[in-house]
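Student: I am new to this structure, and I would like to learn how to read a sheet and then a single residue. Could we go through them together?

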Amino acid sequence: MLSGRVSGPTTDSVAVSVRENPLDPKEKLFRVPLNDKGEFKLLVSVVGPTKADLVYGDDVAPLFLDPGTDIDVRFKGSDMSGTLKFKPNDVPSGFATKLRNRANLTDEQRHRQQAANANNYLVEADAQFVENDGFQVLPDNIQLYEAPFLSFLEYRRKHQFEFLEDHAARQSFTQDFYNYAHAEVVYAYANDKLTYQDLREQVVNTEGRLKMAPDYYNFLREPGLLNEPTAVQSELYHEFLINYIHFAVAQDKHQRSDPDFYPASYALASKKLNGSIRTIILGRVLQEAFRFGHVKQSAAMLTDFRNYDPKNQYYPTLQTDFNRHKSFAIGAPAPDFKLASATGDTVHLHDFVGKLVYINFWKTTNGLCLRDLAYAQELMRKFEGKNITFVNIALDENEQAWRSLVTIKKLPGVQVRASGGGLRSAIAKEYALQEVPTYFLVGEDGTFLNTKPKRLSSRAAVDEINQSFGKASTYTSAIEFAPTKK
């Protein structure tokens with residue numbers, strides 16, 4: 001139960017957002033209106049200790065709730081994060097009263113006090129470490145070299161632990177909340193240390209990838225770092241583990257572009273992790289595979305996942321997610337089409353089976369598409385005589401304008417047009433188009449190889465295409481997935 005008052009309301013309601021399933025992006029929203037005095041009373045259903053968010057207009061503040069929480073919430077409508085305060089309902093207040101009655105509180109009153117303490121701690125920790133740029137990796141600290149970056153991380157961790165222990169000594173927290181707060185510190189450090197090398201390479205484009213000290217990653221061997229049951233509520237723990245799986249698989253010479261990357265990730269997670277966190281991280285790997293992996297491998301892993309989810313807690317969510325993405329996953333057949341070309345011929349996608357096909361959906365009235373024309377011509381010249389066909393599908397309503405541009409510019413490749421409807425046409429719906437330009441790379445077997453290839457104007461497009469020849473057959477040869485066992 002959360003009740004309280006907003007001073008100077010700037011919007012008419014308060015809400016609490018709870019993510020009940022870590023594999024489901026949808027959140028459950030509990031919302032109530034403010035009365036004419038800015039007061040509210042909100043009942044939130046939770047089955048155990050739960051990380052949540054307090055939502056007011058565009059402002060969001062962290063919450064930690066568990067069954068029995070009953071606290072008073074107060075803040076100014078113009079500055080929720082800077083004025084947010086919690087206090088327990090039906091608990092004696094005032095310093096002298098607290099000293100006198102601390103030992104006389106009922107278990108219920110003590111729990112309410114602990115809930116208020118926890119949420120006040122979150123507000124203060126957020127202001128101290130999240131809103132303070134000096135404690136953030138981005139944008140400045142990522143530019144540090146290894147030794148000063150580690151000094152920064154250790155300095156931040158030291159202050160975070162001191163902040164937590166000081167509050168825990170002066171106040172009273174439930175064990176569940178203390179475990180959560182402690183895990184947030186541990187895994188913020190571990191995650192930032194693990195991802196530093198990759199993140200710095202992405203952000204600091206004036207330098208190459210740093211070579212780390214030989215013992216830099218030794219911290220990953222610390223006992224209990226991977227499997228910590230008391231940290232399951234921490235999203236930072238989840239993020240660290242999925243990043244660890246990516247790192248460890250890459251260390252074993254599997255890159256994201258390899259056909260067996262996601263099966264290798266799934267197998268490693270099933271081997272290294274245990275308990276409920278193993279199920280969650282296996283689910284995270286599956287969700288990545290649904291979007292970027294081969295559809296047949298994803299289907300096999302999803303079937304195997306049921307061994308790790310005997311209560312069927314996550315499988316229905318993953319099944320829905322798989323169904324949503326399987327039509328455009330790697331290995332799914334690209335929708336065939338029958339379109340008229342600029343020369344009057346009828347063109348089908350299946351005409352090009354045995355060749356790599358780069359599909360470009362475009363319009364003659366779109367600035368980005370027109371900008372790409374020159375790059376498209378240059379790219380096609382580079383692959384002249386190679387086993388690839390460039391199919392350009394125009395979504396123009398005006399057939400004559402399209403024909404004129406194709407003829408005047410002498411556009412290379414296969415030039416066809418979807419008659420009628422533009423983005424509402426049948427082919428646009430089959431390819432789930434939202435905008436142009438949109439590109440697809442189809443393998444020699446007629447299945448999707450990449451649903452978001454590099455743009456025609458990208459310098460990296462040449463390398464990406466060169467690496468795609470024969471890749472469909474490589475996926476097919478790597479399709480075996482050995483089921484794992486609990």
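**Reading the sheet and one residue**

Tutor: Let us begin with the sheet, bearing in mind that this is a predicted model. Here 4 strands form an open sheet, in the order β4-β1-β7-β8, and their pairing is mixed.

Student: Which strands stand at the edges of the sheet?

Tutor: The edge strands are β4 (39–42) and β8 (85–88), and because each has a single partner strand, one side of each is left without a neighbour in the sheet. From one strand to the next, the twist averages 20 degrees.

Student: How many bridges join β1 and β4?

Tutor: Strand β1, which covers residues 2–7, pairs with β4 over 4 bridges in the antiparallel sense; in one such pairing, Gly-4 has Phe-40 of β4 as its bridge partner.

Student: Which helix lies across β7 and β8?

Tutor: That is helix α3 (residues 107–130), which lies across β7 (71–76) and β8 and runs at about 170 degrees to β8.

Student: Turning to a single residue, is Glu-464 buried or exposed?

Tutor: A residue counts as buried when its relative accessible area is under 20%. Glu-464, whose place is in helix α14 (residues 460–466), has a relative accessible area of 15%, and therefore it is buried.

Student: What does the side chain of Glu-464 make a polar contact with?

Tutor: The side chain of Glu-464 makes a polar contact with the side chain of Asn-450, at 3.2 Å, while a polar atom of the Glu-464 side chain also lies 2.6 Å from the backbone nitrogen of Lys-454. Leaving aside residues up to four places away in sequence, Glu-464 touches Asn-450, Pro-453 and Lys-454.

How values were computed:
Residues are numbered from 1 along each chain as its sequence is written. This is a predicted model: local features need pLDDT of at least 70, side-chain atom pairs count only at pLDDT 80 or more; totals for chains, interfaces and linings use all residues. Side-chain values use heavy atoms; hydrogens and water are left out. Helices (H or I, at least four residues) and strands (E, at least two) are DSSP runs, numbered from the N terminus. Buried means under 20% relative accessible area, exposed over 50%, partly exposed in between (1.4 Å probe, protein chains only). A polar contact is a pair of N or O atoms within 3.5 Å; within protein, one must be able to donate a hydrogen and the other to accept it, and residues adjacent in sequence count only if both atoms are side-chain atoms. Contact means heavy atoms within 4.5 Å. Two strands pair if DSSP finds at least two bridges between them. Axes are lines fitted to C-alpha atoms, for helices over the stretch in contact, and angles run from 0 to 180 degrees between N-to-C directions.
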